Amino acid sequence: MTAEDYESNLQGNLEALLERLKSGRYQAPPVRRTYIPKADGTQRPLGIPTLEDKVAQRAIAMVLEEVYEQDFVDCSYGFRPGRSAHQALQALRNACMDGKLRWVLDVDVRKYFDTIAHAHLRELLDRRVTDGVIRRMIDKWLKAGVLEGGRLERTTTGTPQGGVITPRTQKVTSSLSV
């Protein structure tokens, strides 16, 4: 279904989606695998969700942001709403210029989102997220798998990057402590 088709009956489609989400009848389809080139010549795998998955993921991401946003310190920029890589760089520049910063540490955890264990992610969610609809949807997305070259791959580790609910890759550290 195209965005235009979905929009032609937007209210009805959203109400039907919400009803399927709440009742547990929503089936998360596998994401479509595609690749984008990286600066080092390798390719980054992306998982492209369906239009309805994007809508559902955005709704759940908004709830999760409210739950977890309060835990972040003001100097944390990575993957946060209303924060950007440019703002992180400006804060870093200001801290350097003001003499408040003695050193900079750049850390990049290779393939972290490709290797995160689903069980570990569920344990983290257990601590703060009790809503059954949200937990059920996250489980469905984790179990949906990846469609690549017409072949379905089921996974027990990793989260496909490219969806609305997954962090966007940025070339700035996820937190900056000044």
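Here is a quick tour of some side-chain contacts and strand features in this structure. Keep in mind that the model is predicted. A good place to start is Phe79, which sits in the loop between H3 and H4 and belongs to an aromatic cluster with Tyr112 and Phe113. After that come a charge over a ring, a nonpolar surface patch, a strand hairpin and some salt bridges.

**Aromatic rings**

- Two aromatic pairs turn up in the model.
- One of them joins Phe79 and Phe113 in an edge-to-face arrangement, with 6.3 Å from centre to centre and 85° between the planes.
- That contact ties together distant parts of the chain: Phe79 is in the loop between helix H3 (51-69) and helix H4 (85-97), while Phe113 is in helix H5 (residues 112-115), and the two are 34 residues apart.
- Neither ring needs much hunting for, as Phe79 is partly exposed at a relative accessible area of 38%, and Phe113 is partly exposed at 25%.
- Tyr112 pairs with Phe113 too: the ring centres are 5.1 Å apart and the planes meet at 75°, so this pair is edge-to-face.
- Tyr112 has 35% relative accessibility, so it counts as partly exposed.
- Put together, Phe79, Tyr112 and Phe113 make one aromatic cluster.
- Phe79 has a backbone quirk as well: its phi is positive, at about 60°, although Phe79 is not a glycine.

**A charge over a ring**

- Tyr77 has company of another kind, with Arg83 lying over the face of its ring.
- The distance from Arg83 to the ring centre of Tyr77 is 4.9 Å.

**A nonpolar patch on the surface**

- Tyr112 shows up again here, in a nonpolar surface patch with Trp103, Leu105, Val107 and Val109.
- Together these residues offer about 570 Å² of accessible area.
- Leu105, one of the patch members, is found in the loop between H4 and H5.
- Why does Leu105 count as exposed? Its relative accessible area is 56%, and exposed means over 50%.

**The E1–E2 hairpin**

- Strand E1 (residues 31-37) and strand E2 (residues 43-48) run antiparallel to each other and pair over six bridges.
- If you'd like to find one of the bridge partners, look for Pro37, which is matched with Gln43 in E2.
- Five residues lie between the strands of this hairpin, and Gly41 there takes a positive phi near 95°.
- As background, side chains in a regular strand alternate between the two faces of the sheet.

**Salt bridges**

- How many salt bridges does a search of the whole structure find? The count is 10, and three of them are worth a look here, including one that starts from the hairpin's strand E1.
- Arg33 makes a salt bridge with Glu148, and the closest N and O atoms are 3.9 Å apart.
- This link spans distant parts of the chain, from Arg33 in strand E1 to Glu148 in strand E3 (residues 146-148), 115 residues apart.
- Both ends are partly exposed, with Arg33 at 21% relative accessibility and Glu148 at a relative accessible area of 25%.
- Arg80 bonds to Glu69 in another salt bridge, where the closest N and O atoms are 2.3 Å apart.
- Here the distant parts being linked are the loop between H3 and H4, which holds Arg80, and helix H3, which holds Glu69; the two residues are 11 residues apart.
- Is Arg80 buried or exposed? At 8% relative accessibility, Arg80 counts as buried, because buried means under 20%.
- Its partner Glu69 is partly exposed, at 25% relative accessibility.
- Arg122 and Asp139 form a salt bridge as well, with 2.5 Å between the closest N and O atoms.
- This one connects two helices, with Arg122 in helix H6 (residues 118-128) and Asp139 in helix H7 (residues 132-144), 17 residues apart.
- Arg122 is partly exposed with a relative accessible area of 21%, and Asp139 is partly exposed with 22%.

Technical notes
Residues numbered from 1 in each chain as written. Predicted model: local features only at pLDDT ≥ 70, side-chain atom pairs only at ≥ 80, totals over all residues. Heavy atoms only, no water. Phe/Tyr/Trp six-rings, centres within 6.5 Å; stacked < 30°, edge-to-face > 60°. Helix = DSSP H or I, 4+ residues; strand = E, 2+ residues; numbered from the N terminus. Buried < 20%, exposed > 50% of the residue type's maximum accessible area, 1.4 Å probe, protein only. Lys NZ or Arg CZ within 6 Å of the ring centre and 35° of its normal. Patch = residues over 30% accessible without salt bridge, like charges linked within 9 Å, V, L, I, M, F, W, Y side chains within 5 Å. Areas by Shrake-Rupley, 256 points an atom, 1.4 Å probe, with all protein chains shown as cover. Salt bridge = Lys/Arg side-chain N within 4 Å of Asp/Glu carboxyl O. Pairing = 2+ DSSP bridges.
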